[in-house]
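Okay, can everybody see the screen? I'd like to walk you through one chain today, starting with a small detail and working outwards.

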Amino acid sequence: MYKRISISLMLLFIGVQLNLNQQIAQAQTPVTPATTTKYTCPAQLESSIDAVINRPLFKRMRWGILVKPLSSPQTLYSRDAEKYFIPASNTKLFTTAAALQKLGANFRIRTSIYQDSEGILRVVGRGDPSLKNAQLTILAKQLYQQGIRQVNQLIADDSYFQGEVVHSSWQWEDVQAYYGAPINSLIVNENASILKFLPQNIGQPLQLQWAEPTEAYRWKIENNSVTTQENEPGFVEVNRDLKGQILRIKGQLAVNSQPEITALAVFDPIDNFLRNFRLTLATEGINVKQTSNLNGGKNEKEIAAIESPPLSELLVETNVNSNNLYAEALLRNLADKQTLTKNQPTADAGLQAINTILNQLGIEPNSYILVDGSGLSRKNLISPEALVQLLQIMAKSSQAEVFRASLPVAGISGTLKNRFLNTSAQGIVQAKTGTMMGVVSLSGYVNIPHYEPVAFSIMVNQSEQPPSVVRKAMDEIVVLLTQLKRC
């Protein structure tokens with residue numbers, strides 16, 4: 001079943017680009033927190049947090065919590081902090097920290113077009129997750145300016161990343177959705193397709209509209225949806241078959257309701273790239289006779305290229321909006337190309353690089369197990385202790401400012417935009433969220449007005465409660481941290 005697509009992803013696909021520099025500046029702008037007259041002494045913190053997590057409705061779930069000051073080894077609160085938990089998207093803290101340490105804030109990902117002596121064009125992707133139709137247009141204009149009006153053969157070279165495009169442990173319902181899109185070397189439009197459902201006359205099926213009209217010809221549609229009477233509740237579910245040929249739609253929307261917008265992962269990312277680029281070239285006056293998916297080439301020279309925004313901006317999209325595709329692309333760019341063997345998956349080499357970097361930083365190797373870069377796999381295991389240790393180390397590193405600017409800010413940005421509003425946490429908490437079935441996590445920093453800054457990690461596993469209920473309890477705990485005062 002597909003989740004409703006986020007507004008930011010919808011804007012992404014219709015060509016409206018977010019100004020990530022503005023997001024970074026916003027994340028660094030201090031916001032005056034809501035006035036509070038409540039204070040908590042450090043000695044009272046344990047009983048206050050226990051009162052939250054020991055409520056009867058939480059008796060079946062596992063809590064893992066650790067709170068420590070940034071500048072001292074003191075522990076303010078600990079509950080099963082050394083034990084493993086499924087972290088969900090808190091995994092991205094490890095991936096982005098490692099990328100920042102190894103690649104640097106100014107690292108960019110280059111997409112190149114090469115031409116050989118026979119005039120064949122080869123597009124070489126290196127996993128730029130930010131590449132969209134607007135960037136394809138820039139590449140097409142570069143070719144046009146060099147006098148190219150016809151391409152006999154356009155080759156999409158997708159060989160920079162080796163291995164499967166989705167992790168074997170990702171769940172089927174996830175890999176269908178836009179947040180579980182395949183990861184390859186030539187990504188365009190985040191390897192997802194936008195679709196809109198519109199109500200018709202009562203009793204009629206919902207009308208399906210694609211953001212990219214050519215998608216309509218790629219699917220056999222089984223539309224079992226219906227338009228209902230006014231003010232009836234609405235929902236839409238979309239599923240595809242294993243071969244990527246049949247799209248099954250069910251659900252309902254009221255006759256007077258707004259359209260439902262969602263997105264699904266593309267089935268064949270290389271075909272998706274070639275179709276988008278071929279159409280872009282045609283729009284710019286360049287005809288393509290033949291396309292293919294090959295690699296290699298002889299006597300080539302680069303005739304067009306475009307680079308991604310710097311890593312500092314890619315990190316903002318990764319953490320602030322919890323973008324899985326960005327995290328997985330960064331993981332693969334961490335791989336050491338010199339030591340990568342012929343049949344070794346690039347993602348595995350990226351995980352080896354993360355382990356090496358975390359070991360160099362001083363993170364206890366036995367405190368985490370990573371199998372992907374995004375946290376979409378349930379095989380990832382991380383302890384609250386490991387996350388707090390990472391947060392403490394990054395806070396003291398030369399990349400501290402960039403790393404913290406990549407995190408959502410309470411009540412202001414990303415996945416925390418609608419949390420902590422009108423509380424003492426608004427504007428002074430920077431933290432990474434994480435959610436999947438039975439899992440909720442939150443780890444980050446609190447700049448406490450009447451105490452020193454702290455790092456914290458709160459993780460819940462095996463929860464039968466709605467995520468909103470668990471988040472509310474977590475937010476209570478974080479607000480308690482903002483009220484700390486020396487006494």
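Let's start right after helix α8, where Ser322 follows with a positive phi, near 50°. Before I go on, keep in mind that this is a predicted model.

Now look at α8 itself, which covers residues 311–320. How many of its ten residues are buried? Ten of the ten, so the helix is mostly covered, taking buried to mean under 20% relative accessible area. If you scan along α8, you'll see that the buried set isn't just greasy side chains by name: Leu311, Leu314, Leu315, Val316 and Val320 are in there, among others, but Ser312, Glu313, Glu317, Thr318 and Asn319 are buried too.

Since we began with a positive phi, here are two others. Asn189 isn't a glycine, yet its phi is positive, about 55°. You'll find Asn189 in the loop that runs between α6 (172–176) and β7 (192–198). Then there's Asn231, again not a glycine, with a positive phi of about 70°. Asn231 sits in the loop between β9 (220–228) and β10 (235–240).

So, buried or exposed: what is Asn189? Asn189 has a relative accessible area of 9%, so it goes down as buried. And Asn231, buried or exposed? That one comes out at 66% relative accessibility, so Asn231 counts as exposed.

Moving on to another asparagine, Asn324. This residue belongs to helix α9, residues 324–333. Asn324 is at 9% relative accessibility, and therefore counts as buried. What does its side chain make a polar contact with? The partner is the side chain of Lys92, at 2.6 Å. If you leave out residues up to four places away in sequence, Asn324 touches Ser89, Lys92, Tyr179, Ser374 and Leu376. So Lys92 turns up both as a polar partner and in that contact list.

Go past α9 and you get to the loop between α9 and α10, where Gln344 lies. With a relative accessible area of 15%, Gln344 is buried, even out in a loop. Not counting residues up to four places away, Gln344 touches Gln162, Thr339, Ala349 and Gln352.

That brings us into α10, residues 346–361, and to Ile354 inside it. Ile354 has 0% relative accessibility, so it counts as buried. Which residues is Ile354 in contact with, leaving aside its neighbours within four places in sequence? Thr95, Ala98, Leu331, Leu334 and Leu370. If you want a feel for distances, take Ile354 and Gln176: they're 178 residues apart along the chain, and their C-alpha atoms are separated by 27 Å.

Next up, Arg278, in helix α7, residues 269–283. This arginine is partly exposed, with a relative accessible area of 33%. Where does its side chain go? The side chain of Arg278 reaches the backbone oxygen of Val288 at 2.7 Å, and also the backbone oxygen of Lys289 at 3.3 Å. Leaving aside neighbours within four places, the contacts of Arg278 are Val288, Lys289, Gln290 and Thr291. For another distance, Arg278 and Thr339 are 61 residues apart in sequence and 35 Å apart in space, C-alpha to C-alpha.

Okay, let me zoom out to the whole chain. The secondary structure comes to 13 helices and 20 strands. The C-alpha atoms fill a box of roughly 75 × 60 × 40 Å along the principal axes. Does that go with a globule? Here's the reasoning: for 487 residues, a compact globule would have a radius of gyration near 23 Å, and the chain has 24 Å, so the two agree.

What share of the 487 residues is buried? The figure is 56%. As for contacts, take those in the chain with a separation of 6 or more: residues 24 or more positions apart account for 73% of them.

On the outside, the chain exposes about 21,200 Å², and carbon and sulfur atoms supply 48% of that. Last one, on charge: there are 45 positive and 40 negative charges, and their mean positions are 2 Å apart.

That's my tour. Happy to rotate to any of these spots if you want another look.

Notes: Residues numbered from 1 in each chain as written. Predicted model: local features only at pLDDT ≥ 70, side-chain atom pairs only at ≥ 80, totals over all residues. Heavy atoms only, no water. Helix = DSSP H or I, 4+ residues; strand = E, 2+ residues; numbered from the N terminus. Buried < 20%, exposed > 50% of the residue type's maximum accessible area, 1.4 Å probe, protein only. Polar contact = N/O pair within 3.5 Å; in protein donor to acceptor, adjacent residues only side chain to side chain. Contact = heavy atoms within 4.5 Å. Rg over C-alpha atoms; globule rule 2.2 N^0.38 Å. Areas by Shrake-Rupley, 256 points an atom, 1.4 Å probe, with all protein chains shown as cover. Lys, Arg positive; Asp, Glu negative; His and termini not counted. Charge placed at Lys NZ, Arg CZ, Asp CG, Glu CD.
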